[in-house]
Amino acid sequence: MSYLAKSPWLIHYDGSSCNGCDIEVLACLTPMYDVERFGIINTGNPKHADILAITGSVNEQNIPIIKNIYDQMLEPKVVIAIGICATSGGIFRECYNVQGGVDQVIPVDVYIPGCAARPESIIDGVVKGLGVLEEKYKKYGKKR
Amino acid sequence: MTTTAITAIIVILYLIGAPILGGILAGLDRIITARMQGRYGPPVWQPFYDVLKLMSKEKAAVNKTQNFYVFCFLLFMIFTGAVFFAGGDLLLVLFALTLASIFLVLGAFSSNSPYSFIGAERELIQTMAYEPMVLITAAGMYLATKSFFVADIAAFSTPLIYYLPGIFIGFVYILTIKFRKSPFDLSTSHHAHQELVKGLTTEFSGPTLAMIEIAHWYENIFLLGIVYLFFAFNPLLGVIVALLTYFLEILIDNSNARVTWQLTMKSAWIVAATLGMANLIIVFFKLSV
Ligand code: SF4
């Protein structure tokens with residue numbers, strides 16, 4: 001077994017969200033929800049992160065950035081789409097510059113619905129992501 | 001049992017025990033910090049989970065030399081502590097410590113990332129800030145005990161704190177820099193995890209980052225060992241004071257905002273020049289007359 005599930009470090013990227021979901025992500029760090037209980041740390045460095053949490057839909061300008069962050073993260077890694085915008089484009093779907101959800105650009109492992117996604121469901125989603133992380137580790141371990 | 005055998009046992013105990021103790025201390029640090037911020041905090045074993053996780057991540061380095069530098073950092077940090085706990089020469093210990101931190105700086109300089117680059121520069125500034133006080137501490141211990149050997153200093157009958165109260169306070173002051181605690185966590189910090197605040201470690205990842213973490217555990221135990229030396233006449237008191245000092249550092253960490261590098265430099269040198277030097281001069285005249 002690996003210790004990935006006990007120490008998931010998270011990097012948060014804001015696509016073109018309305019900032020509603022971003023604030024909910026940050027709310028998870030406050031004393032009220034305190035995700036550090038589970039060893040979750042909000043890092044700002046893709047090289048240290050295990051989980052890429054993206055809020056907001058994807059537009060033309062942030063496609064290369066999302067790809068860049070994703071490529072810099074080390075295996076095994078998991079992508080979480082937070083909020084309905086990141087899942088499918090949400091209310092911004094019809095905009096001329098919006099591509100849609102995050103899965104248009106990189107593979108997404110967990111979708112968290114909600115507008116805005118509540119901190120409880122974000123924590124739930126991350127915990128779900130830990131299962132995926134563990135699976136990926138097993139596959140990755142075989143490759144190694 | 002001969003003294004060499006005892007020394008060997010102590011060094012082996014250090015090699016195995018220091019990372020365990022250091023890790024537990026780091027875990028307690030995180031819990032106490034969380035409680036001070038009104039949070040619940042992670043389990044005590046969290047630092048070990050983090051390191052074990054980092055070990056199982058993919059290996060990646062930005063260039064060929066980076067991992068070599070970090071390995072040397074770990075190696076010399078272990079060497080520093082081993083010589084110290086074997087009762088060796090304090091000067092050798094302190095210069096090995098400096099060498100170790102220089103290797104970490106070289107590792108950070110070896111990449112082209114601006115964050116890592118500035119982080120390395122800020123680490124050098126930190127080294128410059130604390131180094132005078134560290135040397136004064138060694139000189140003070142020598143003046144009081146007439147020996148640079150840690151074994152002799154530890155066996156000295158009079159409490160060292162009685163001769164060196166100013167140097168002790170000065171040393172605790174620069175300990176904040178060495179422990180990478182606010183207000184002096186310029187190059188890299190244990191708390192905020194963004195950009196410049198994590199400057200020095202930006203380009204290290206996976207197993208390499210784990211090595212840095214383990215080296216820090218060794219370093220912390222060694223630094224608390226120096227604090228212990230001031231109270232070595234009574235081992236129990238020494239350990240209690242070392243732990244209290246660590247608690248004080250956590251308290252300072254959580255109640256202070258990060259300062260600029262100019263203030264760090266100035267204040268550390270002023271403390272060294274006043275508290276440190278004055279104490280040194282007084283001890284010199286008191287013991288030589
Ligand atoms: S899902 Fe709702 S709250 Fe979240 S970014 Fe989109 S519009 Fe804002």
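**Figure 1. B:Lys181 is a buried lysine, at just 2% relative accessible area.** This close-up, like the others here, comes from a predicted model. The lysine's partner is B:Asp29, and the two side chains meet in a salt bridge with an N to O distance of 2.3 Å. The pair links distant parts of the chain: B:Lys181 sits in the loop between helix H8 (165-178) and helix H9 (206-229) of chain B, while B:Asp29 belongs to helix H1 of chain B, 152 residues apart. B:Asp29 is buried too, with a relative accessible area of 7%, so it falls under the 20% cut-off for that label.

**Figure 2. B:Asp185 and B:Arg258 pair up in a salt bridge.** Their closest N and O atoms are 2.9 Å apart. Here again distant parts of the chain are linked, with B:Asp185 in the loop between H8 and H9 of chain B and B:Arg258 in the loop between helix H10 (235-255) and helix H11 (261-288), 73 residues apart. Which end is buried and which is partly exposed? B:Asp185 is the buried one, at 2% relative accessibility, whereas B:Arg258 is partly exposed at 34%.

**Figure 3. In chain A, A:Asp109 and A:Lys136 form a salt bridge.** The closest N and O atoms are 3.2 Å apart. A:Asp109 lies in the loop between S6 and strand S7 (110-112) and A:Lys136 in helix H4 (residues 119-143), so the pair ties together parts of chain A that are 27 residues apart in sequence. Both ends are partly exposed: A:Asp109 has a relative accessibility of 27%, and A:Lys136 comes in at 23%.

**Figure 4. Five charged residues from chains A and B are linked in a salt-bridge network.** Chain A brings A:Asp34 and A:Glu36, and chain B brings B:Arg30, B:Arg39 and B:Asp50. For context, a search of the whole structure turns up 13 salt bridges over all chains.

**Figure 5. Helix H1 of chain B has a bend at B:Gly17.** The bend is about 40°, and a proline, B:Pro19, follows within four residues. B:Leu15 is in this helix, which covers residues 3-36, and is partly exposed, with a relative accessible area of 34%. Together with B:Ile12, B:Ile16 and B:Ile20, B:Leu15 forms a nonpolar patch on the surface, with about 350 Å² of accessible area for the four together. After the helix comes B:Gly38, with a positive phi near 80°.

**Figure 6. The shell around the ligand is made up of chain A residues.** They are A:Ser17, A:Cys18, A:Gly20, A:Cys21, A:Ile84, A:Cys85, A:Gly114, A:Cys115 and A:Ala116. Helix H1 (20-27) and helix H3 (83-88) of chain A are the elements that give two or more residues to this shell. How does the shell divide into nonpolar, polar and charged residues? The split is six nonpolar, three polar and no charged. Two of the shell residues, A:Cys115 and A:Ala116, are joined by a cis peptide bond, with omega at about -5°. A:Ala116 lies in the loop between S7 and H4 of chain A.

**Figure 7. Another cis peptide bond joins A:Glu75 and A:Pro76.** Omega is about -15° for this one. Look for A:Pro76 in the loop between helix H2 (63-72) and strand S5 (78-82) of chain A.

**Figure 8. Two residues other than glycine have a positive phi, A:Asn19 and B:Lys146.** For A:Asn19, phi is about 80°. This asparagine is in the loop between strand S1 (9-14) and H1 of chain A and is partly exposed, with a relative accessible area of 40%. For B:Lys146, phi is near 60°. This lysine is in the loop between helix H5 (114-145) and helix H6 (150-155) of chain B and counts as exposed, at 52% relative accessibility.

**Figure 9. A:Asn45 is a buried loop residue, at 11% relative accessibility.** The loop in question runs between strand S2 (41-43) and strand S3 (51-55) of chain A. A:Asn45 and A:Gln72 are 27 residues apart in sequence and 9.2 Å apart in space, C-alpha to C-alpha.

Key. Residues are numbered from 1 along each chain as its sequence is written. Chains are lettered from A and ligands numbered from 1 in the order in which they are written. This is a predicted model: local features need pLDDT of at least 70, side-chain atom pairs count only at pLDDT 80 or more; totals for chains, interfaces and linings use all residues. Side-chain values use heavy atoms; hydrogens and water are left out. Patches are made of residues with over 30% relative accessible area and no salt bridge: like charges are joined within 9 Å, nonpolar side chains (Val, Leu, Ile, Met, Phe, Trp, Tyr) within 5 Å. Accessible areas come from the Shrake-Rupley method with a 1.4 Å probe; for residues, only the protein chains shown count as cover. Buried means under 20% relative accessible area, exposed over 50%, partly exposed in between (1.4 Å probe, protein chains only). The bend at a residue is the angle between axes fitted to the seven residues ending there and the seven starting there. A residue is near a molecule or strand if one of its heavy atoms lies within 4 Å of it. Ala, Val, Leu, Ile, Met, Phe, Trp, Tyr, Cys and Pro count as nonpolar, Asp, Glu, Lys and Arg as charged, and the others, Gly among them, as polar.
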